[in-house]
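The exercises below are to be worked with the sequence and the model side by side. Each task is followed by a solution in steps.

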Amino acid sequence: MMSDLSPGLMSTLTRRIGNLPEPEKLIGGRVLRYDGLTLETTGFPASPGGLVAVTCENGASVEAEVVGFRDGRNLLFLTEPQAPIVAGAEAQLMPGGQFAQVGEALLGRVIDARGAPLDGGPPPRTDHTWPLHGIPLNPLLRTAVDRPLDVGVRVVNAALTLGEGQRIGIVAGSGVGKSVLVEMMAQHADADIVVIALIGERAREVGHFARRLMQGEAAHRTCLLAVPADRSPLLRLRGVRRAMAIAEWFRASGKRVLMIIDSLTRVAHAQREIGLALGEQPTAKGYTPSVVALIPALLERAGPGLPGQGTITAICTVLADGDDTTNDPVVDTARAIMDGHLVLSRRQAQMGLFPAIDIPQSVSRVMPDVTDPEHRAAALRLRQLVSAYFDNRDLVIMGGYAVGQDPILDEALRLWPQIRALIAQAQEERATLQDSRAALLALVGTGATA
């Protein structure tokens, strides 16, 4: 029949057929097992991290993520537990599940783990994508951490100076002021971009952060991503990875980024829930081996970029269960991979001394690279004075100490009102790096080398 057509018509049909779009190739399978949280489906080509739409009994669909394979079957983890899914339900692979939408349009916005707006505004019109799991950088090609970062908090600037591209943890028990301290840094830090990931926090705290930070000039440089505590552990993990991807894109654009994760412990809890659901063996405090692997993989994405790029300074809060700042597995793992830690003291908080940073127990490992010798000597002297005061405070109050027995303690007692004034800072107050250094030198500079 085709041979009966004229050459001209044949040519026209050939062109039209050649321009027809190819039929969309649908990839998916069927649900074989479901326990309310995890799914097993028939095998289909999909890598871990891919998103899958699973059809529910009512005709709607729920989102799940591919987390692995077993015996030729795909293992999926639901974003909405207890969805009405029946055996044999369709599971359809979704495009773009391993990428995050990034761009300038995210500044001034509050989004969730999927990138959808939480602030009532329209969806952000982003023009770029970035892998959720990041792009590995050659550590030998990364720039050095050699410039100080002004975080606007006097005691940190003076005694525990941070550097641009540093990764540091804020370690404390509950109710000691971690969130207030990171809020101060988010408001006052000298950074081009601030990316805040509130993972597993209270909904009230999410609203508080949004009301205080996402207004005025601060909002124009801030992206707030929130995944409250009542969301799926899968969404909590996707949320922190999306926030890190946003920060990485801004770093690649040459920006100095301050990345705040509140809290890293809730991220670890989410990974523990997923690991236990998938049959991993629990170790100390029920944490699975995947938790230990997650923390370094996440934190190593922060830091300085390649020449010509910017930096990501990561500040992560770490909850120490029962105020145990030494033996908690998450605290221990975070200490080992970070470039320092700020330990908050419940004793100082009970004294009304905020921010309640325990200077003797805290350390900034990059401070020697970003400060001058005079500054470092004064900071060391302040550390000695604060340690002497708190170690002997009860003894002095009971009258068991006579002046003249210990010159360092005598100086600490004499200077304590000025030391307290240096440490204490109102939440709305901003202390620049230069002013903090000057205040430290004025306080203990003359005796810094004694």
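**Exercise 1. A salt bridge between two helices**

Task: Classify D394 as buried, partly exposed or exposed, then find which side chain meets that of D394 in a salt bridge.

Solution. The model is predicted.
Step 1. D394 has a relative accessibility of 44%. Buried requires under 20% and exposed over 50%, so D394 counts as partly exposed.
Step 2. The salt-bridge partner of D394 is R347, with an N to O distance of 3.4 Å.
Step 3. R347 sits in helix α10 (residues 346-350) and D394 in helix α12 (residues 373-397); the two are 47 residues apart, and the pair links distant parts of the chain.
Step 4. R347 has a relative accessible area of 32%, so this residue is partly exposed too.

**Exercise 2. A salt bridge between two loops**

Task: Determine which parts of the chain are tied together by the pair K285 and D328.

Solution.
Step 1. The side chains of K285 and D328 form a salt bridge of 3.4 Å, N to O.
Step 2. K285 belongs to the loop between α7 (264-277) and α8 (289-299), while D328 belongs to the loop between β17 (311-319) and α9, so the salt bridge ties together parts that are 43 residues apart in sequence.
Step 3. The two ends are classified separately: K285, at 44% relative accessibility, is partly exposed, whereas D328, at 0%, is buried.

**Exercise 3. A salt bridge within one helix**

Task: Locate E248 and R251 and state how many residues apart they are.

Solution.
Step 1. Both residues lie in helix α6 (residues 233-252). They are three residues apart, about one turn of the helix.
Step 2. Their side chains meet in a salt bridge with an N to O distance of 4.0 Å. The cut-off is within 4 Å.
Step 3. E248 has 2% relative accessibility and is buried. R251, at 3%, is also buried.
Step 4. For the wider count, the structure holds 28 salt bridges. A network of them links R33, D35, E40, R70 and R73.

**Exercise 4. A buried arginine without a salt bridge**

Task: R335 is buried; find which side chain of opposite charge is nearest to R335 and what distance separates them.

Solution.
Step 1. R335 is in helix α9 (residues 329-337).
Step 2. The nearest side chain of opposite charge is that of D332, 5.3 Å away. A salt bridge needs a nitrogen within 4 Å of a carboxyl oxygen, so R335 has none.
Step 3. There is a polar contact instead to examine: the side chains of R335 and H341 are joined at 2.9 Å.
Step 4. With neighbours within four places in sequence set aside, R335 contacts T325, H341, V343 and R365.

**Exercise 5. Two cysteines**

Task: Explain why C223 is in no disulfide with C316.

Solution.
Step 1. A disulfide is a covalent bond between the sulfur atoms of two cysteines.
Step 2. The cysteine sulfur closest to that of C223 is in C316, at 16 Å, which is too far for a bond. The cut-off used is within 2.5 Å.
Step 3. Taken from the other side, C316 has the sulfur of C223 as its nearest cysteine sulfur, again at 16 Å, and is in no disulfide. The count of disulfides is zero.
Step 4. Both cysteines are buried: C223 has a relative accessible area of 0%, and C316 has 1% relative accessibility.

**Exercise 6. A glutamate in α13**

Task: Is E411 buried or exposed, and which residues does E411 touch beyond four places in sequence?

Solution.
Step 1. E411 is part of helix α13 (residues 407-423).
Step 2. Its relative accessible area is 14%, so E411 is buried.
Step 3. With residues up to four places away not counted, E411 touches R381 and L385.

**Exercise 7. The chain as a whole**

Task: Describe the chain and the span that UniProt lists as a domain.

Solution.
Step 1. The chain has 14 helices and 19 strands. Its C-alpha atoms fill a box of roughly 115 × 50 × 40 Å along the principal axes.
Step 2. Of its 450 residues, 52% count as buried. Among contacts with a separation of 6 or more, 72% join residues 24 or more positions apart.
Step 3. An unreviewed UniProt entry lists residues 164-358 as "domain: AAA+ ATPase". This span is 44% helix and 21% strand, and its end C-alpha atoms lie 22 Å apart.

Methods
Residues are numbered from 1 along each chain as its sequence is written. This is a predicted model: local features need pLDDT of at least 70, side-chain atom pairs count only at pLDDT 80 or more; totals for chains, interfaces and linings use all residues. Side-chain values use heavy atoms; hydrogens and water are left out. Helices (H or I, at least four residues) and strands (E, at least two) are DSSP runs, numbered from the N terminus. Buried means under 20% relative accessible area, exposed over 50%, partly exposed in between (1.4 Å probe, protein chains only). Lys and Arg count as positive and Asp and Glu as negative; His and the chain ends are not counted. A polar contact is a pair of N or O atoms within 3.5 Å; within protein, one must be able to donate a hydrogen and the other to accept it, and residues adjacent in sequence count only if both atoms are side-chain atoms. Contact means heavy atoms within 4.5 Å. UniProt positions are given in the numbering used here, feature names are shortened, and annotations may be inferred rather than shown by experiment.
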